[in-house]
Amino acid sequence: MMISIKARAKINLSLDVTAKRLDGYHNIKTIMQTIDLHDKIDIDVINKGIELECNSMELPLDNKNLAYKAAELFMSKYDIKSGVRIKIDKNIPIAAGLAGGSSDAAAVLIGMNKLFNCGMDVTTLISIGKVLGADIPYCIKGGTVFAEGIGEILSELKAIPMTYIVIVVPKVAVSTKWVYQNLNLNKIYKRPDMNLLFSIINEGNIALLAQNMVNVLETVTMEKFDIINTIKQKLKEFGALGSLMSGSGPSVFGIFRDKSSALEAYQKIKCNDWDLFVTETT
Ligand code: ATP
């Protein structure tokens with residue numbers, strides 16, 4: 001028995017940080033969107049244990065890998081006696097603000113639920129998966145979603161019309177922890193207007209959405225890495241309706257009116273200093 005699932009990346013169409021919590025985490029308000037850029041996850045039933053294979057040399061293959069952790073958790077929750085072999089075909093850039101790791105873990109939970117006929121609904125999977133990380137609930141749910149708390153309280157929004165996205169990932173290492181540590185909540189001057197964004201999303205107006213996106217974490221990451229601002233401007237110069245850093249970065253995405261304008265921007269921006277993807281919302 002084998003199952004193959006797409007673990008899709010996400011972008012943050014806006015992100016606000018509202019408070020630092022006593023437990024060290026931050027409360028956020030964010031609008032997340034699934035995109036078609038994905039890792040392929042194959043899961044096979046084997047006699048026992050967890051075997052992990054991955055085409056990327058950068059990732060751990062033991063219980064430090066979120067996909068491994070997800071399998072371990074699932075097997076203990078459902079008292080599964082046999083084992084699994086998980087193959088990750090990695091396409092989502094790692095530690096880029098696109099939730100690639102969380103998405104792999106979510107895909108493992110969804111896949112094992114099917115593979116072992118456990119019959120759990122999304123809500124149950126989310127309640128199991130949330131211990132693995134703040135982005136896991138969203139990655140299980142997917143779509144256009146408003147997330148609060150540390151990202152685990154989800155409200156489904158009307159799905160935005162299918163839109164072309166260009167993602168640029170500069171080759172700089174940005175740690176999520178560092179970004180939050182360096183965020184000064186008293187020095188945020190521009191926050192996303194969530195109510196405005198909700199009504200724009202309800203209308204399905206992509207151009208207005210693109211113009212009103214704000215990510216408060218940009219201030220921190222851009223101050224250190226000028227390149228992020230350069231890329232944002234380039235995306236707009238080459239036709240994006242709007243551009244924004246995703247999550248804590250360093251990925252930057254641009255929203256495009258149609259496929260041809262996205263491909264044209266891709267051709268113009270393509271260079272060795274960063275990785276580029278053309279994808280679409282799903
Ligand atoms: P987020 O947007 O949720 O902050 P991210 O896109 O910034 O996520 P990820 O790609 O999810 O970051 O990975 C962050 C870290 O998790 C990396 O340092 C990586 O070593 C570790 N990790 C563990 N398992 C995985 C996996 N299956 N795929 C990617 N990263 C993984």
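**Exercise 1. Decide whether Ala99 is buried or exposed, and describe its backbone.**

Ala99 has a relative accessible area of 11%, so this residue is buried (buried means under 20% relative accessible area, exposed over 50%, partly exposed in between, with a 1.4 Å probe and protein chains only). Before going on, note that this is a predicted model, where local features need pLDDT of at least 70, side-chain atom pairs count only at pLDDT 80 or more, and totals for chains, interfaces and linings use all residues. Residues are numbered from 1 along each chain as its sequence is written, and side-chain values use heavy atoms, with hydrogens and water left out.

Next, place the residue: Ala99 belongs to the loop between β4 and α2 (helices, H or I with at least four residues, and strands, E with at least two, are DSSP runs numbered from the N terminus). Then check the backbone: the phi of Ala99 is near 55°, a positive value in a residue other than glycine. Most residues other than glycine have a negative phi.

**Exercise 2. Find which residues come nearest to the ligand, and describe its surroundings.**

Step one: 18 residues surround the ligand, and Asn65, Ala95, Ala99, Gly101 and Asp135 come nearest (a residue is near a molecule if one of its heavy atoms lies within 4 Å of it).

Step two: sort the shell by class. There are seven nonpolar, six polar and five charged residues (Ala, Val, Leu, Ile, Met, Phe, Trp, Tyr, Cys and Pro count as nonpolar, Asp, Glu, Lys and Arg as charged, and the others, Gly among them, as polar). Helix α2 (residues 100-115) gives the largest share of the shell, four residues.

Step three: look at individual atom pairs. A polar side-chain atom of Asn65 is 2.9 Å from a nitrogen atom of the ligand. On the backbone side, a polar atom of Gly97 lies 3.0 Å from an oxygen atom of the ligand, and a polar backbone atom of Leu98 lies 2.9 Å from an oxygen atom of the ligand.

**Exercise 3. Work out where Thr163 sits and what its side chain approaches.**

Start with the location: Thr163 is in the loop between β6 (153-156) and β7 (164-170). Its relative accessibility is 4%, so Thr163 counts as buried. Finally, a polar atom of the Thr163 side chain lies 2.7 Å from the backbone oxygen of Pro161.

**Exercise 4. Compare the settings of Ile3, Lys20 and Cys54.**

Take strand β1 (residues 2-20), which holds Lys20; Ile3 is found in strand β1 too. Ile3 counts as buried because its relative accessibility is 16%, whereas Lys20, at 56%, counts as exposed. The C-alpha atoms of Ile3 and Ile41 are 8.2 Å apart, with their positions 38 residues apart in sequence. For Lys20 and Gln211, 191 residues apart along the chain, the C-alpha separation is 28 Å.

Now turn to strand β3 (residues 50-54), where Cys54 lies. Cys54 is buried, with a relative accessible area of 18%. The C-alpha atoms of Cys54 and Lys171 are separated by 21 Å, and these residues are 117 apart along the chain.

**Exercise 5. Describe the backbone at Asp79 and at Pro250.**

Asp79 is in the loop between α1 (66-77) and β4 (83-89). Its phi is positive, about 50°, although Asp79 is not a glycine. At 53% relative accessibility, Asp79 counts as exposed.

For Pro250, look in the loop between β8 (242-245) and β9 (252-256). A cis peptide bond joins Gly249 and Pro250, with omega about 0°. Most peptide bonds are trans.

Terms used:
A polar contact is a pair of N or O atoms within 3.5 Å; within protein, one must be able to donate a hydrogen and the other to accept it, and residues adjacent in sequence count only if both atoms are side-chain atoms.
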